[in-house]
Protein chains: 4
Amino acid sequence: MKGRQMNLYMSGPKTQDEEVLHEECGVFGIYDLDGGSVAQSIYYGLLALQHRGQESCGIAVTDTAGPNKVYSKKEMGLVNEAFTRSDLKAMEQGNLGVGHVRYSTAGNSTRENAQPLVINYYKGTMAMAHNGNLINTPQLRKMLAKNGAIFQTTIDSEIIAYMIARERAELPTVEDAVAAAMRKMQGAYSLVIMSPRKLIGCRDPYGFRPLVIGRRGNAWVLASETCALDTIGAVYVRDVEPGEIVTINQKGEISSDKSMCIPKERQARCIFEYIYFARPDSYLEQVSVYRSRLTAGRILFEDSPVEADLVVGVPESGNAAAQGFALASGIPYGTAFVKNSYIGRTFIKPSQSTRESSVHVKLNALKEAVAGKRIIMIDDSIVRGTTSGQIVKMLRDAGATEVHVRISSPPFLHPCYFGTDVPSEDQLIAHNRSVDEICRLIGADSLAFLKEERLIELSEGLPICKACFNGSYPIKPPEEDIRGEFEK
Amino acid sequence: MKGRQMNLYMSGPKTQDEEVLHEECGVFGIYDLDGGSVAQSIYYGLLALQHRGQESCGIAVTDTAGPNKVYSKKEMGLVNEAFTRSDLKAMEQGNLGVGHVRYSTAGNSTRENAQPLVINYYKGTMAMAHNGNLINTPQLRKMLAKNGAIFQTTIDSEIIAYMIARERAELPTVEDAVAAAMRKMQGAYSLVIMSPRKLIGCRDPYGFRPLVIGRRGNAWVLASETCALDTIGAVYVRDVEPGEIVTINQKGEISSDKSMCIPKERQARCIFEYIYFARPDSYLEQVSVYRSRLTAGRILFEDSPVEADLVVGVPESGNAAAQGFALASGIPYGTAFVKNSYIGRTFIKPSQSTRESSVHVKLNALKEAVAGKRIIMIDDSIVRGTTSGQIVKMLRDAGATEVHVRISSPPFLHPCYFGTDVPSEDQLIAHNRSVDEICRLIGADSLAFLKEERLIELSEGLPICKACFNGSYPIKPPEEDIRGEFEK
Amino acid sequence: MKGRQMNLYMSGPKTQDEEVLHEECGVFGIYDLDGGSVAQSIYYGLLALQHRGQESCGIAVTDTAGPNKVYSKKEMGLVNEAFTRSDLKAMEQGNLGVGHVRYSTAGNSTRENAQPLVINYYKGTMAMAHNGNLINTPQLRKMLAKNGAIFQTTIDSEIIAYMIARERAELPTVEDAVAAAMRKMQGAYSLVIMSPRKLIGCRDPYGFRPLVIGRRGNAWVLASETCALDTIGAVYVRDVEPGEIVTINQKGEISSDKSMCIPKERQARCIFEYIYFARPDSYLEQVSVYRSRLTAGRILFEDSPVEADLVVGVPESGNAAAQGFALASGIPYGTAFVKNSYIGRTFIKPSQSTRESSVHVKLNALKEAVAGKRIIMIDDSIVRGTTSGQIVKMLRDAGATEVHVRISSPPFLHPCYFGTDVPSEDQLIAHNRSVDEICRLIGADSLAFLKEERLIELSEGLPICKACFNGSYPIKPPEEDIRGEFEK
Amino acid sequence: MKGRQMNLYMSGPKTQDEEVLHEECGVFGIYDLDGGSVAQSIYYGLLALQHRGQESCGIAVTDTAGPNKVYSKKEMGLVNEAFTRSDLKAMEQGNLGVGHVRYSTAGNSTRENAQPLVINYYKGTMAMAHNGNLINTPQLRKMLAKNGAIFQTTIDSEIIAYMIARERAELPTVEDAVAAAMRKMQGAYSLVIMSPRKLIGCRDPYGFRPLVIGRRGNAWVLASETCALDTIGAVYVRDVEPGEIVTINQKGEISSDKSMCIPKERQARCIFEYIYFARPDSYLEQVSVYRSRLTAGRILFEDSPVEADLVVGVPESGNAAAQGFALASGIPYGTAFVKNSYIGRTFIKPSQSTRESSVHVKLNALKEAVAGKRIIMIDDSIVRGTTSGQIVKMLRDAGATEVHVRISSPPFLHPCYFGTDVPSEDQLIAHNRSVDEICRLIGADSLAFLKEERLIELSEGLPICKACFNGSYPIKPPEEDIRGEFEK
């Protein structure tokens, strides 16, 4: 055992919400060739991507025409808590910048680990924002360390930065260095990189995580999702392709390096981006996330119909699929729950001894809508199952005569190594349990999951990763669970 | 005009959201006769009432069996920001307590003005939480001041406390003093009062603001809305009647004083509690708020039908009426907007010069759902109208071919003096404008409001106040706008 | 008295420093007749008075020419922590104002209890800052409460404000009301009062606490000590006399009401102002505090001489008397201790189990100065005695061959009811102990106190209160210890 | 060098106090071989070293017996502001640790640049605290960057860490790697390093900055000054010699590597450690700092005597030399100033337009002591001279009839590159000015500096650096001023 570093505030950083999967990150980059200030646009872009990560956030900008200083700020918490008007004011010189929102799947939840990572290296300054998880981190880290690297964080991005910095010494351009680094990196990554006078975006060859290109006037934009383009008034140009490196230079020219691309059939987009992670108003590779969820609802109806009086979604993520089910079945769509919209990530959880429960603090059933009715309740997934049971009971207590649960994804059976915090197998309710057993556990009258073979319809044919359902990983996963390994 | 007091932080306390009406307060009280700790229950009760006020909050508790000390904390901000676990820990002795969430319609938005107001007087300590607005504040204040009263806040509650304290000197019980004070108070008030060993609740004779009674085991609960009962696992007992004073004593006996009640036909519940303020899962005097909004949607369809492909609500408040319209019309209900749920009350508003807009930061249209469709868009009210226009445009930009707006209340024409911040007449879009003119202003294809004569259906026959629509005030309003007068 | 109010943060507010007496307050007032801004001057005045109270502070200002609004801010903590540049900016309209620094001897240490107290009453707004302790508080409070008063704090100042407000209803001017209130108040008080367009200062008839008048150009200043005048560049005019009320009106006229003055021989200045509380650069009634302490040192030499090599003071308060002893004796004065000047009021105290001690964190003996020498160590007082013992030991550990302790005040034997937190008798080291016993307890080679009969030399003949030494109280003290009674 | 990194909060981080020189850092390390917790001792050690740096501070600890995790916390501000009881609690597992207090002379004043620097490298984790300034930073940084290093801070320590990490790959022990790195480093450095199970301390060959070894029971201690040993109850063992590397291993064995030592006559201790930086109760290489200052006072009397009535020091740093002058001359030592001890590093500076001045807020002359007297005023140095002028005037305003200024160091004429922020030449009052001219500028009756040739008496013969006085640098300084170069 060698030495490992741990931050003081590590103890208990992450309040693991039992039934919610977390995406790890959202990234944003913008380069205004007219020299306009970009800090505000990054701020609004990050607000739009906040659903992809709520633990920490950061912005780094530079002025490509002036002295090319980098101004950056990173903080724990939400974007609108972390940045003040004077922060944005202090960054208003910058016409090139990147931003990041983070939920940590690898690396501790600390300020040190917040992104963008801003570094100085041989060729100047670089700021990088990363969405995804590398799976050969230990090997890369060991290799770098042998050559004298020192690490001050526990995030993959630091390793990526090293890789690029080392390659850059030998290669003519930073984008070449990125390409060379990509050849050594394995796993999921969508990156936006600000080098002194270039904005670079790239996606891993499998395309696990999304990355889109937009444009607003003479400004180029990179973002995890199109909803961030909408917010800042940019128009969608195209998606960065899996394996592609896109570079926008100081003249506003955009160039592309596809040398790392692999055959389309080997690509492996995370299907959960469509099912749950992305915002419904986003389009990922031109597939509407909302449409994808309507489709999931329709499929659930086609494969697992049931007579009922009302179709409801578990808010917010189940609503679109519920609408799809309602449209397909003709059963009315309705609202069965009121969600407390003022409770953020943090509130004081009821203790065991009190008569209150976390679920009741967040949700309340709408008796008026539910009483005396047979309900079809749609949710996007079941992870551990405890919350599902409580919600089913809530509906029954509100007078529902039947509760039929439909899940718009197959059962989770395997951990994810590519940027989603699906827990280890023994914590998954579907592990070693039949659908009937799960149905009994959560107290539903019937239960059905979306069938694995129909998932491809959600991405409208784009090749996807289904490893968390069937264990067939696009890249051989590491022997042991390396997530967070470095800190343990 | 003599001296007036102003707090340092007065300047710019309230970010007046252009198109949103604000309720002023939510109140909560609980008395556990078994001596159980109540601070946590108040905390969860206030979380459930947070929609009634997001500026400041407070909790005060006492232990009726022990030394009867009062522990209290008041802060600016949301309940889950203001209270820490150790705050609740420090209050865990208390088995009797009251809580408050506030949006200021009278009195500045400052910590000093947060509630509950905790005072010492001749008979011990009293804590009070108040929802509503008195309209004879200047007269009462003058009368009290003449007798040597000093004022340290600018809230009505301080005046009410004085009134009760003065009456108490002559009268045998605190509830008698409350009754005597009520005889002198004019306006809207739902109060919960913690006296050393009693919990008291009362409503003004008109019943402007709600107040319900609940029970959990051997604990009595008072709350603005039933949703707070649900959250803490209490059952609904009944509503406090307009004009009634309800007292729970140390033996757990509940007594009622109805001497201040007026004939039912003169009662004047605020209809906006049903239309907008209350949470849809609440029942006010046994009328479901959700059902009331479905009814509003149905009425809009009956009175102002239109052919269309989709009925949508402006989130969140328009959704229930939209569902009512959809059910009545057979036109499918759908979702047309994605609301950014991570943006709280405060984010940095785009400046004029930037290309972003506040509305786009908060809302995005769901192109996929809207494109090529004729849309009926339901909202609860139009105040100034600017936001409505932006939302209609957002739908058109997303491809809607027609946008028909239906509003589940009549046009605002008159200010409210009873606890709602309807602005003065010249700021109201409906002032001196026909419906057609408004329709043109907001860019809709058609526009209809709910008719005043049908409002009574929303309260299912309970007498209501419609003054903001027709100017017919249940009590003669003050000659000049006294709201905030004291601080100006 | 049944109900009592207690603030959440009461538990453990005051870290009672074992061996240090605390003054309760400093007050400051300024009226710029030319209309100049006074907030900055109050800020610097309070910085100069910070030694009189470090728990909380506050400033209130008004503009006598303009709309006469009051701007105020009160916070826990030191003046330079509590006020920001933008706070002062927000108050820059004010040309009349008062300020306060507080150490709580009565009333809890909470934000609610910070001063100045700003109130509205029949005749407008009043802000008041108070130094001292009333001793008939319970009777006054009861009397007021019977007439319907409500109390929101636990400080005497609220009672004084009530008294003035009530009298004002019957009397032509606010200064008359102050005079009438003074007739009913018993105890120690130096007050500065800002009424809408007047600045008023008064001292109780015994003159327990100081109050001086200064002038800077066309601005009048009131302050607890002359050092505050020096800081803001004002010149000393005269002291407010015991029992006098001084009023500065809008024309800049200063008037005086001496109707409450008592015969000079009954006056009773707190002698500890000279011995310890006041800053050495201050003059109280034209007696230099520094000179007074030099005198104390000389008297100690005259009455209790001893052969030694070095005279040292316990920093900071013992240094001046040590210089006086050195000058009188011819024994060299030196420095024996280094005090850590970066440790504020709060640092993490060593736990019992660790090898560090609080005294060693704050002080270190200067071995080089002390080793091999016979030391005379001068301190201003001994309260509980534990720290004295540790310091004597510290000198011996540093190589002192003899340690002779001289104390520039007589032994404490009785509690103080007039604004100093001398603890109750059983906690005083001198209670039931001879000087020899104390000497042995603290491990000194010899010990002598300043003789009670010579105290009058320190005030250069001005009548003083010596009750804490001889129990002869100028006013009959309350039967029981009322300090903090209201909160308990 | 193109790109440079700048932190958001760079703008205006450092409030450069006009007349005060700043030391850059204090370091502390402790290794308890019995496994006892060290976090509290580091905390108290840093409190004792706080005078060496008040901008930021940090602690890192590890448990050598257990899992060897590193817990660390770094914050802006003072030690007693930055660390809470629960911080220390969270670190209580550690029995080996290092701490740091910082005033930035190189590297921006930001949280990122706070120390100790905690890094992971090939051989585990290392934490390092550094006092001093390298002068070949640009060359080293360039060399490292060429080999692929990335930099996340702008502090020298990051470069040192890299150097050690790179050497460690080839060498058997970490202390060997430290030695190899030292061979390449030029400049001033006293380092304490925590490697997984070793505590290492080293000083540069010239011995610019101090470092002492102490012991408490079975715990070894390293600290910048002996005063930190006193505070935690440790005994002084010896100083780390210039050029020496001292290693304490897991068995408690201490070893020494003196291969980097240079001939004693080439050593170059910073004489300002004796004159100003170090605490008077510290011993540096067994020379008492207090004694050194007494000596300075005596020399000033010997070389520049003057008739006067009183010798006073400018607090605090001038006091010891003033005592030395008094003892030598027989002229009484006294106190002429009262310093406001509640004003920390930050208070709101008076604006030009106000009548207050910063000097008067911090200091007040003691009229009583000064009036009518001829004063000798001793200060440790004059940098820009403006404050000196104000203080001389303050004495005259207080009635001093003559003011003779004596400075316990020679005039500053050259910048320092070794860890002191002596400003550039054109800002120095002595630049191009005779002593007479300076005397006139500050308004003194006479002025004398300590002669350069007598400085060696202050270090009692230990070789010293006098470059800031005579420009004779022990190492050739860089061509241009590199201080802060990287950030500019």
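Let's start with one residue, A:Thr64. Setting aside its neighbours within four places in sequence, A:Thr64 is in contact with A:Tyr31, A:Asn95, A:Leu96, A:Pro196, A:Arg197 and A:Gln250. Keep in mind as you explore that this is a predicted model.

Where along chain A does A:Thr64 sit? You will find A:Thr64 in the loop that links strand 3 (56–62) to strand 4 (69–76) of chain A. Is A:Thr64 buried or exposed? Its relative accessible area is 5%, and because buried means under 20%, A:Thr64 counts as buried. For a sense of distance, look for A:Leu428: the C-alpha atoms of A:Thr64 and A:Leu428 are separated by 49 Å, and the two residues are 364 residues apart along the chain.

Now let's turn to how chain A and chain B are arranged. A turn of 180° with a shift of 0.0 Å along the axis lays chain A on chain B with an RMSD of 0.0 Å. That is the relation of a two-fold axis. Both copies use the same surface, since 100% of the contact residues of chain A recur in chain B.

How many residues of chain A are in contact with chain B? On the chain A side there are 56 residues, and they are in contact with 57 residues of chain B. The size of an interface is often given as the accessible area lost when the parts come together. Between chain A and chain B, the buried area is about 4,800 Å², with carbon and sulfur atoms giving 53% of that area. In chain A, the residues that lose the most area to chain B are A:Tyr342, A:Ile348 and A:Glu368, which together make up 16% of what that side buries.

What about specific pairings across this interface? The rule finds four salt bridges between chain A and chain B. In one salt bridge, the side chains of A:Asp230 and B:Lys367 meet at 3.8 Å, N to O. There are also 20 residue pairs in polar contact across the interface, both residues at pLDDT 80 or more. Helix 1 (residues 39–48) of chain A gives the largest share of the side that touches chain B, with six residues. By kind, the residues on that side of chain A are 24 nonpolar, 20 polar and 12 charged.

Finally, here are two chain pairs that do not touch.

| Chain pair | Contact | Nearest C-alpha atoms |
|---|---|---|
| Chain A and chain C | do not touch | 14 Å apart |
| Chain B and chain D | no contact | 14 Å apart |

Note on methods. Residues numbered from 1 in each chain as written. Chains lettered and ligands numbered in written order. Predicted model: local features only at pLDDT ≥ 70, side-chain atom pairs only at ≥ 80, totals over all residues. Heavy atoms only, no water. Least-squares fit on C-alpha atoms with pLDDT ≥ 70 in both. Contact = heavy atoms within 4.5 Å. Buried area = accessible area lost by both parts, 1.4 Å probe. Polar contact = N/O pair within 3.5 Å; in protein donor to acceptor, adjacent residues only side chain to side chain. Helix = DSSP H or I, 4+ residues; strand = E, 2+ residues; numbered from the N terminus. Nonpolar A, V, L, I, M, F, W, Y, C, P; charged D, E, K, R; others polar. Buried < 20%, exposed > 50% of the residue type's maximum accessible area, 1.4 Å probe, protein only.
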